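Grab a viewer and a cup of coffee, and work through the exercises below with the model open. Try each task before reading its solution.

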Amino acid sequence: MAALESIQSQLPLQDSIFSTSTVTAICVFFTLLCACIIIGHLLEENRWANESITALLLGLVAGLVVLLVTKFQSSRILIFSEDLFFLYLLPPIIFNAGFQVKKKQFFKNFTTILLFGIVGTVISFCLISLGAYFLFKRFGFTTLTLQDFLAIGAILSATDSVCTLQVLNQDETPFLYSVVFGEGVVNDATSIVLFNAVQSLDVSDIDALTALKLLGTFLYLFFTSTALGIAAGLLSAYIIKTLYFGRHSTDRECALMMLMAYLSYMLAELMGLSGILTVFFCGIVMSHYTWHNVTESSRITTKHAFATMSFIAETFIFLYVGMDALDIDKWKASNASPGTSVGVSSLLFALVLIGRAAFVFPIANITNCFKKREGTKIEFRNQFIMWWAGLMRGAVTIALSYNQFADSSGSTSTRDSSLMITSTIIVVLFSTVVFGSITKPLISALLLQHAKPNISDATDIPSLEDLRLLFLEPGEPSGEGNSQPARKGSSFRLLMTHPTSTVHYLWRKFDDKFMRPVFGGRGFVPFVPGSPSGAAEAAEHTP
C-alpha cells in the first residue's frame, strides 16, 4: 500500500481505481523481480556475483532507461519511503534470519556478537562523527550542524545485514556467518537507537550525564525489545500447542505464526522499542518451540513461506535502492561537480574503513586473550574477513540518511543536505557492488583453502552425558559397582573452565524440565485423539 500511495502521489489518476502509469510501474518492478530470479539462478555457481548485486545493477539500468525515456527529467517510479522499508520489507528478512539461524553457533558466539554489535558500533559512531566534523569544513559544508555530524556517524555505522546473508554461507563458514550477521542485526538496532538519540539530543548541553543517559536508554531498549520478541514467540508456541489448530486446518496455524511474528515487530515499533531485535528473537524462539508444535505439512509450508517472503523483500530492496539512486532531482539539488561528489563520498567511505578497523581488530584480539585454546581464537584471516564483510552499507543507511537530510516529501532544503544524500548513495552502491562481489572469492582464498579442523567447546565434550560426568569431582569413583556415591563438583568452577558447554548443558536441563512441557518443541508433539499421527507416534516422540 505504501508503494502504491507513493506512486499515486506523483502520477495523475484516471477514472479507474488505479492509473495506467501506476499499473505500469508495478509491472516494471515485477518484471525486474522475475529477471533477478532468473539471472540469479544462472549465476548460482558464479563466485563473483550474487542476487543482491544483480538486483542493484538491474535497478540502476532500469532507472537509466526511465531517465532516457523522460529525457533526463525524472526517474521516479517509486519514492524511497522509510515506512515501506522499515514496516513492510525489513521485518520478513530479519525474522527469517532468526528463524533459520543455527542457534547453537549463534549463542556460542553471543558475547563476541554483543561486543562487536554494541561496543564496536559506538566506537565507529564516535570516530566517523569526529572525522566528519573536523574534515568536512574543508569542503565548505557551512549549513551542517553538530547534530547533523552526529547523525552522519550513526548513519554510516549501520552495516548491511541483508547483503551479509547473500555473501556468507552458514554451512561453509558458520563462525563468520553467526558473528558477522549477528553483529549486523545488533549493529542496525544500535545505530537506529543512536540515531534516534541524536534527534532528541540538546547539542548545547552535552556532558557525562548525557552519555550515561544514552547508555541507559540503549540497555533498556535492548533488553525490553529482546524480552518482547521472546514473549511473542512463547505465546505463539503456547497457543498453537494448547489449541492444536492442525486438527481442523493447517492454514490457521501457518497464518497465526506469520501474523504473530509480524505483530511482535509492530508492537515494538508502537512502544518505541527496536523492532529489528524483537522480530529477530521472535524468529529464534518460534523455530525452537512453535515450529515443532505444528503439523508436518505446516512445517514445510512455513519454512518455505518465510524464506520466500524474505527473498522477495531482499530483492525488492536492492531494486528499490538501484532505481532511487538515479533520481535526477536529488543530483540537481546538490549542485555539485563530479569531483566534489567523488571527494565527499571517498571521505565518507574512508571514515567507514577506519571506523570499522578501529574496533574489529582490537576487540578480536582482546577476546583472544580470554580464550585458552588456540583453536577457539579468532585468527587474523577471520578478523580480516569480519572487517571486510562489515564494510557493506545498504538500505538502512539510505533510509536514515533520508530521515535526517530530507523532508516528508523527499526534497531537501539545502545544497549540503542534498550532497550528503547523494554521497551516501554512492557509498552504498560502491560498497555493495565492490565488496559484495569480492567477499566470496576472498573467503575461498583466505579460509576455505587453508581450512583447519575446527576445535570448539562442543568438540571438547562429545555428549551431554560426558558433560554430566564433569559435574563429579575428579578422583571420585563414579563407575558401576562402586559403593561410594560421587560428590557433585563445583558448578562455578565448571562454568569457568567450560563456559559454553556448561551453560548449554544447564539450559538443556532447564528447557527439558520446565519450558518444553509448557511451550512444546522437539519431542513434545501435541497428542490429539483421532489425529493422523496416532497415539503410537505421539508416544514415540514423547520422552
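A salt bridge here means a side-chain nitrogen of Lys or Arg within 4 Å of a carboxyl oxygen of Asp or Glu. Keep in mind that you're looking at a predicted model.

**Exercise 1. Work out which residues are linked with Asp-511 in a network of salt bridges.**

Solution.
- Start with Asp-511: its side chain meets that of Arg-516 in a salt bridge, at 2.9 Å from N to O.
- Now go on from Arg-516, whose side chain also meets that of Asp-512, with an N to O distance of 3.6 Å.
- Put the pieces together: Asp-511, Asp-512 and Arg-516 form a linked network.
- Check the spacing. Arg-516 and Asp-512 both sit in helix H22 (residues 499-519), four residues apart, or about one turn of the helix. The general rule is handy here: an α-helix has 3.6 residues a turn, so residues three or four places apart point the same way.

**Exercise 2. Sort the residues of that network into buried and partly exposed, using the cut-off of 20% relative accessible area.**

Solution.
- Arg-516 has a relative accessible area of 11%, so it counts as buried.
- Asp-511 is buried as well, like Arg-516.
- Asp-512 comes out at 32%, so it goes in the partly exposed pile.
- For another pair, try Glu-379 and Arg-381, whose closest N and O atoms are 3.6 Å apart in a salt bridge. Glu-379 is partly exposed at 33%, and Arg-381 is partly exposed at 29%.
- The total count of salt bridges is five.

**Exercise 3. Find the largest nonpolar core and say which helix supplies its largest share.**

Solution.
- The largest core has 126 residues, and Ile-152 and Met-386 have the most contacts inside it.
- Its largest share, 14 residues, comes from H9.
- Apart from this core lies another one of six residues, including Leu-234, Tyr-289, Met-515 and Phe-519.
- Look at H9 itself: 23 of its 26 residues are buried. The helix covers residues 174-199 and reaches 37 Å from first to last C-alpha, close to the expected 38 Å.
- Next, zoom in on Ile-152. Leaving aside neighbours within four places in sequence, its contacts are Ile-128, Ala-132, Leu-348, Phe-405 and Met-420.
- As background, nonpolar side chains in soluble globular proteins tend to be buried together.

**Exercise 4. Which residues make the nonpolar surface patch of about 550 Å²?**

Solution.
- The patch is made by Leu-130, Tyr-133, Phe-134, Leu-135, Leu-146 and Ile-206.
- Helix H6 (residues 110-135) gives the largest share, four residues.
- Ile-206 belongs to the loop between H9 and helix H10 (208-243). With a relative accessible area of 45%, Ile-206 is partly exposed.

**Exercise 5. Sum up the whole chain: how many helices and strands are there, and what percentage of residues is buried?**

Solution.
- Count the secondary structure: 23 helices and zero strands.
- Take the burial next: 50% of the 543 residues are buried.
- For the surface, the chain exposes about 25500 Å², with carbon and sulfur atoms supplying 65% of that.
- Finish with the contacts: among those between residues at least 6 apart in sequence, 80% join residues at least 24 apart.

Terms used:
Residues numbered from 1 in each chain as written. Predicted model: local features only at pLDDT ≥ 70, side-chain atom pairs only at ≥ 80, totals over all residues. Heavy atoms only, no water. Helix = DSSP H or I, 4+ residues; strand = E, 2+ residues; numbered from the N terminus. Expected span 1.5 Å × (residues − 1). Buried < 20%, exposed > 50% of the residue type's maximum accessible area, 1.4 Å probe, protein only. Patch = residues over 30% accessible without salt bridge, like charges linked within 9 Å, V, L, I, M, F, W, Y side chains within 5 Å. Areas by Shrake-Rupley, 256 points an atom, 1.4 Å probe, with all protein chains shown as cover. Core = buried A, V, L, I, M, F, W, Y, C linked by side-chain atoms within 4.5 Å. Contact = heavy atoms within 4.5 Å.
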